Amino acid sequence: MAGYKKSKYKTEDTQRWTVEALVTLEEEKRAMTCSEIKSSNLELVELTPQKLARCLNDLCERGLVMKTKGKDNLMHYKSVGVILEEGYNLADLVY
C-alpha cells in the first residue's frame, strides 16, 4: 500500500509566498529569474528554488504570470499586468 507524504510547508505559508512572488514581479516591472525574485524579497530568501518554482508555476497556471526561457537557459517570469501596461496584446504573444 502506497503511503501519503505530508508536505513540510503549511498551506498558509505556500499561499503567502505565492502572493509575495506576484507582488515582487508587479513591483519590478521586468522579467526576473527565480534567484532574482528571491534576492528582491526578504520573505522569499529562505525558500528553496524548487518551492519558489512551484509557486511561480501555480501563478502561471492561473494566468497571472508568464514564463519564458532566456538566452541564459534560465526561466524568466513576468507579470501579465506589467505586460498589459507595456501595451502588448496577450493574444499576439507566443506561448
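Where is the place of Asn 73? Asn 73 sits in the loop between β1 (65-69) and β2 (75-79). The model behind these views is predicted.

**Figure 1. Overall view of the predicted protein, with four helices and two strands.** Along the sequence the elements follow the pattern α-α-α-β-β-α. The C-alpha atoms fill a box of roughly 50 × 35 × 25 Å along the principal axes. The protein has 95 residues, and 29% of them count as buried. Its exposed area is about 6900 Å², with 53% supplied by carbon and sulfur atoms. For contacts with a separation of 6 or more, residues 24 or more positions apart account for 45%. The protein carries 15 positive and 15 negative charges. The mean positions of these two sets are 8 Å apart.

**Figure 2. Close-up of helix α1 (residues 11-28) against helix α3 (residues 49-62).** Two packed helices are described by the angle between their axes and the distance between the axes. Here the axes of α1 and α3 come within 9 Å. They cross at roughly 70°. That makes α1 roughly perpendicular to α3, because angles of 65 to 115 degrees fall in that class. From α1, the residues that meet α3 are Thr 14, Trp 17, Thr 18, Ala 21, Leu 22 and Leu 25. Their partners in α3 are Lys 51, Leu 52, Cys 55, Leu 56, Asp 58 and Leu 59.

**Figure 3. Close-up of Tyr 77 in strand β2.** Is Tyr 77 buried or exposed? Tyr 77 is buried, with a relative accessible area of 3%. The cut-off for burial is under 20%, so Tyr 77 falls within it. Tyr 77 and Ala 31 are 46 residues apart along the chain. Their C-alpha atoms are separated by 5.2 Å. Ala 31 is also one of the contacts of Tyr 77, leaving aside neighbours within four places in sequence. Further contacts on that basis include Leu 25, Arg 30, Met 32, Cys 34 and Ile 37. Leu 56, Asn 57 and Cys 60 are among them too. So are Val 65, Met 66 and Lys 67. Two of these names return from the previous view: Leu 25 in α1 and Leu 56 in α3.

**Figure 4. Close-up of Thr 68 in strand β1.** Thr 68 is partly exposed, with a relative accessible area of 48%. Which residues does Thr 68 touch, not counting residues up to four places away in sequence? They are Leu 74, Met 75 and His 76. Thr 68 and Lys 78 are 10 residues apart in sequence. In space they are 8.6 Å apart, C-alpha to C-alpha.

**Figure 5. Close-up of Asn 73 in the loop between β1 and β2.** Most residues other than glycine have a negative phi. Asn 73 has a positive phi, near 60°. Asn 73 is exposed, with a relative accessible area of 58%. That value is over 50%, so Asn 73 counts as exposed.

**Figure 6. Close-up of Lys 29 in the loop between α1 and α2 (34-40).** What is the phi of Lys 29? Lys 29 has a positive phi of about 60°, although it is not a glycine. Lys 29 is partly exposed. Its relative accessible area is 44%.

**Figure 7. Close-up of Val 45 in the loop between α2 and α3.** Val 45 is partly exposed, with a relative accessible area of 46%. Val 45 and Ser 35 are 10 residues apart in sequence. C-alpha to C-alpha, they are 9.1 Å apart in space.

Notes. Residues numbered from 1 in each chain as written. Predicted model: local features only at pLDDT ≥ 70, side-chain atom pairs only at ≥ 80, totals over all residues. Heavy atoms only, no water. Buried < 20%, exposed > 50% of the residue type's maximum accessible area, 1.4 Å probe, protein only. Contact = heavy atoms within 4.5 Å. Areas by Shrake-Rupley, 256 points an atom, 1.4 Å probe, with all protein chains shown as cover. Lys, Arg positive; Asp, Glu negative; His and termini not counted. Charge placed at Lys NZ, Arg CZ, Asp CG, Glu CD. Axes fitted to C-alpha atoms, helices over the stretch in contact; angles between N-to-C directions. Parallel < 35°, antiparallel > 145°, perpendicular 65-115°, else oblique.
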